[in-house]
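The exercises below ask you to read a protein model from the level of one residue up to the whole chain. Please work through each task before turning to its solution.

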Amino acid sequence: MKPKTRYTKSGCLNIAYQSFGSGSIDLVYIPGWVSNIDLMWDCPELVYFFAELGKITRVILFDKRGTGLSDRITEISTLEERMDDIRAVMDAVGCKKAVLFGHSEGGSASALFAATYPNRVISLITFGIFAKRRYAPDYPWAPSDEERQKLYDMIENNWGSAEKDLATLAPSMSKNTVFMNWLANYFRSGASPSAALVLTKMNTEVDIINILGSIKVPTLILQRTNDIDVKIEEGRFIAERIPNAKFVELEGDDHLFWIGNTSQVLKNIHEFITQESLQLYEEQLYTIGAVKIISEQRPSDNELAQLSEYVNHHRGTILLKEDAFFVAVFEGPSRAVNCGLGLIETAQRFGAEIVISVHIKECSVNESHFINSETRKLIEKILNVALPNQILVTQTVKHLLSGVGLSFKKQSKIILDPTIGEGESLFAIKDELSLKNEIVNPIPITLPSNDSFLEDVLKIIDNHLEDYYLGVELLCKQIGMSERQLQRKLKATTNKSPNQLISSVRLHRAKELLLQNEHKISEIAYQTGFSNPSYFSKSFKREFGLTPSTLQQKCNQF
């Protein structure tokens, strides 16, 4: 019954996915924390659950980037990149709209996707999800910093243990040695200890509370009464903030949906899916970035055109353009902020100073082509308190930027948001890798080849894959930054050094070639920049847990 594992590209990364089922409705399962879609089929309880889902839907499974069978080139991914992975998988199977089924940590990406791309979502179903993972007076059920530190220590020192730490996820199966051994193996195969630790720390910073009210698709929230990992109050809290959401409290204490009273879980999912009809939504979330030139030195028309091109390159659309001011909408906050950092550096090279605001707003799809008066007032309020060459973001934006590799400084001034009639905290982006006015020998202004720093780096590595001497020096020259900047920025966005990233990309591209089964192992080693086939085999086994020859043998079996 196990379906064939296939791959699709999300940017430069390979995302592993499977699809199966005889239903007429598509359902995309967004897993929690870490996953491995191959090992899912070694658990009878999970196989049964999927088989039942497959009777009423076409089920689409995938491993998000950095986990399972997908490329593990980077250990860090933003919520936007996770949404990109969902869209890539949906596009790969020809899925226009789907039911999203988010579990645990997968609930954050599912919820944001539903709010941002409602016309690609039939409905949203969640099980055991949370809105944030850090204690606050208005969200007292989340773990404290001390409790999170204990989890970090467990991952670092005892990752994938079948002992008591994993038993809290599945109390009803804690005495079942076979199941607990599978669960431990599933986690170990889903991510390395360092990747699991980075993901966990990143999840600690995520907060989707402020976007819950923007979810308009039909939503079903499933939660077990005595779930130890995610409290029942968290499910109620989320359901109360999503318009017309249906909340179902189930008996039991298991955090995993495929054990315990699974018949009740399946019954609720079946009833919810079959009663929902397709809808067209006129509102969705937009990220709005505004730029104002505040210096006397104004860019020329040609330089302004370069700024506009930079915005377009980051998937931004300029809606309003005046003499020293323009507003654009972006697909998400990280693209808007990364674009803003580039705009500041570019303007500095022109000798100009700018200020930038970034906020998120729910508005009509038709309104995305213009800026109304209330939005204009909010933008002006933010820009008026910004310092030269500073990006100010709202608290909602900050909470969605986990994994971007930036830090924030809270501003003392709180502005009144006229769109909601409430005070709004502001945060300044702190990018220690920015130029900071230290431009002595300016690098010629060129657009990056992709809409993110990491995509640019990966593209450069791919283009020089066969070059054995590819290293930090060439990367710095191609990307246009110092070795120190490159080291620190890659560490922040991938948790790897430049040389580690180069090696990882080489090995993942080698794996692709091995799966095609068209070349000898030694040929693939040379094609991916390894001068010694023996060293290549050792490096490959260290990265993937098996030798190149073993992988080819498995391919030949199919």
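Buried means a relative accessible area under 20%, whereas exposed means over 50%. The model used throughout is predicted.

**Exercise 1.** Decide whether Ser110 is buried or exposed, and describe its surroundings.

*Solution.* Begin with the location: Ser110 belongs to helix H3, which covers residues 106–116. Next, take its relative accessible area, which is 0%; because buried means under 20%, Ser110 counts as buried. Then look for its partners: leaving aside residues up to four places away in sequence, Ser110 touches Ile30, Leu100, Gly102 and Leu124. Finally, for a distance across the chain, the C-alpha atoms of Ser110 and Arg241 are 15 Å apart, although 131 residues separate the two along the chain.

**Exercise 2.** Work out how compact the protein chain is for its length.

*Solution.* Start by listing the secondary structure, which amounts to 20 helices and 17 strands. The radius of gyration is 24 Å, close to the 24 Å that the globule rule gives for 558 residues, so the protein chain is as compact as a globular protein of that length. Then add the burial, since 58% of the 558 residues are buried, and the contacts: of those with a separation of 6 or more, 75% join residues 24 or more positions apart.

**Exercise 3.** Describe the span that UniProt annotates at residues 455–554.

*Solution.* The unreviewed UniProt entry gives this span as "domain: HTH araC/xylS-type". In the model, residues 455–554 are 74% helix and 0% strand, and the end C-alpha atoms of the span lie 31 Å apart.

Technical notes: Residues are numbered from 1 along each chain as its sequence is written. This is a predicted model: local features need pLDDT of at least 70, side-chain atom pairs count only at pLDDT 80 or more; totals for chains, interfaces and linings use all residues. Side-chain values use heavy atoms; hydrogens and water are left out. Helices (H or I, at least four residues) and strands (E, at least two) are DSSP runs, numbered from the N terminus. The radius of gyration is taken over C-alpha atoms; the globule rule is 2.2 Å times the number of residues to the power 0.38. Buried means under 20% relative accessible area, exposed over 50%, partly exposed in between (1.4 Å probe, protein chains only). Contact means heavy atoms within 4.5 Å. UniProt positions are given in the numbering used here, feature names are shortened, and annotations may be inferred rather than shown by experiment.
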